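Colleague: I'm new to this one and would like a close look at a single part of it. Could you walk me through that part and then show me how it fits into the rest?

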Amino acid sequence: MRNLALVEKLTLRKHELDIEKTLDCGQCFRWTVLGGVHMGIIERSVLMIRYSEAGYDVEVYGEPLGEKVLFNYFDLDRDYSGILEVLSNKDDHMARAVNVGKGIRLLKQPLFEILISFILSSNNNIPKIKMTLEALCERFGEPLGMLDGNIFYAFPTPEILANASLEALNVKAIGYRAKYISETAKAIVDQKLDLNTPFHMDYNTARAWLKQFHGVGDKVADCILLFGYSKMEAFPVDTWVKQMLSEYYGVESKHEMFVRDYFKHYPGIAQQYLFYMIRKERR
DNA sequence: TTTCAGGTGGTGC
DNA sequence: GCACCACCTGAA
């Protein structure tokens, strides 16, 4: 296995971006942190991100990424300050969440990767999801090269997963979700479905479109729409968020109506900041 | 040994 | 529409 070559050096301004929080708020699973260095893969580029005076230094290995793609991945073109100000004026909980979560941005992750990742997330927890994803990438992803003794793998393509047997897909901790992955990959390949389609749909239509895949229900569809498609109307409700909605807002059912009315155009950002806060307080 | 974890799909009403 | 419940697996 050949070593990955450094092909690009980029910088991220610190303004309104906290890498640590952004990569550790449950929206992505393949980033790791070691000795203060964040390592991750975007498409076929291996990234190492370090703190610096101005913000963050980004080293790109393997294939060049380009500033535009990097900025897009971290949603840097969106102005969060105005949105967060409106949200923090809503109530004390939201104000606290905005304060605690300052610097969180909603990523725009590769679509097939985010679809598969969140199908794996159902009835599951983060350490296991990470374990399963790494196992899938090791078995089915293309090895991109080595760096510091570690082999980095691209995310598997729909074709490779569609052609894999259920036995082969039965990697660590995947369980009954292997069938969902197989059926989803097959649907994409056989029916020539274009994962870009939801970009051109409104939130409700896009959500219904994603739910055609086995293993994608309301919550998983909302995660995909929020972390892959930047649909800010999406408000994923898991057991913790459900409990939080009840506790903070007295909402026991019909969350969708409540969040749309209450958070207006940005339920997704509200959800992510609230989620980060309740998760942090639990730990 | 039992319970639960960042849900979904199937079933029955 | 809504309420149940089985479901892989690993950790507590």
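Leaving aside its neighbours within four places in sequence, which residues is S117 in contact with?

Modeller: Keep in mind that this is a predicted model. Setting aside the neighbours within four places in sequence, S117 is in contact with F29, I129 and L133. S117 itself is found in helix 5, and it is buried, with a relative accessible area of 5%.

Two of those partners take us straight to the next element. I129 and L133 are among the buried residues of helix 6, along with T132, A135, L136, C137 and F140. Residues three or four places apart in an α-helix point the same way, because there are 3.6 residues a turn. The buried residues of helix 6 pack against helix 5 (111–120), where S117 is found. They also pack against strand 7 (150–153), helix 7 (158–163) and helix 8 (166–169). As for its length, helix 6 has 15 residues and reaches 21 Å from its first C-alpha to its last, close to the 21 Å expected at 1.5 Å a residue.

Now follow helix 6 out to the DNA. Helix 6 (126–140) supplies at least two residues of the surface near DNA strand B, and so do helix 11 (218–227), helix 12 (239–249) and helix 14 (267–282). Helix 11 gives the most to that surface, with three residues. In total, 21 residues surround DNA strand B, and the closest are I126, G215, V220, W240 and R279. By class, the residues near this strand are seven nonpolar, nine polar and five charged.

A few polar contacts with DNA strand B are worth finding on screen. An N or O atom in the side chain of W240 is 2.6 Å from a phosphate oxygen of the strand. A polar backbone atom of V216 is 3.4 Å from a phosphate oxygen. G26 deals with a base instead: one of its polar backbone atoms is 3.2 Å from a base nitrogen of DNA strand B. Of the atoms of this strand within 4 Å of the protein, 61% belong to sugar or phosphate and the rest to bases.

What about the other strand? The residues around DNA strand C are N123, K128, K172, A173, G175, Y176, R177 and K254. Their surface has two nonpolar, two polar and four charged residues. K128 has a polar side-chain atom 2.2 Å from a base oxygen of DNA strand C. In the side chain of N123, an N or O atom is 3.2 Å from a base nitrogen of that strand. Y176 uses its backbone, with a polar atom 3.2 Å from a sugar or linking oxygen. For DNA strand C, 57% of the atoms within 4 Å of the protein belong to sugar or phosphate, and the rest to bases.

Finally, step back to the whole chain. Chain A has 14 helices and seven strands. Its radius of gyration is 19 Å, close to the 19 Å that the globule rule gives for 283 residues, so chain A is as compact as a globular protein of that length. The C-alpha atoms fill a box of roughly 55 × 45 × 35 Å along the principal axes. S117 is buried, and buried residues make up 53% of the 283 residues in chain A. Among contacts between residues at least 6 apart in sequence, 68% join residues at least 24 apart.

Notes:
Residues are numbered from 1 along each chain as its sequence is written. Chains are lettered from A and ligands numbered from 1 in the order in which they are written. This is a predicted model: local features need pLDDT of at least 70, side-chain atom pairs count only at pLDDT 80 or more; totals for chains, interfaces and linings use all residues. Side-chain values use heavy atoms; hydrogens and water are left out. A residue is near a molecule or strand if one of its heavy atoms lies within 4 Å of it. A polar contact is a pair of N or O atoms within 3.5 Å; within protein, one must be able to donate a hydrogen and the other to accept it, and residues adjacent in sequence count only if both atoms are side-chain atoms. Helices (H or I, at least four residues) and strands (E, at least two) are DSSP runs, numbered from the N terminus. Ala, Val, Leu, Ile, Met, Phe, Trp, Tyr, Cys and Pro count as nonpolar, Asp, Glu, Lys and Arg as charged, and the others, Gly among them, as polar. The expected span of a helix is 1.5 Å times one less than its number of residues. Buried means under 20% relative accessible area, exposed over 50%, partly exposed in between (1.4 Å probe, protein chains only). Contact means heavy atoms within 4.5 Å. The radius of gyration is taken over C-alpha atoms; the globule rule is 2.2 Å times the number of residues to the power 0.38.
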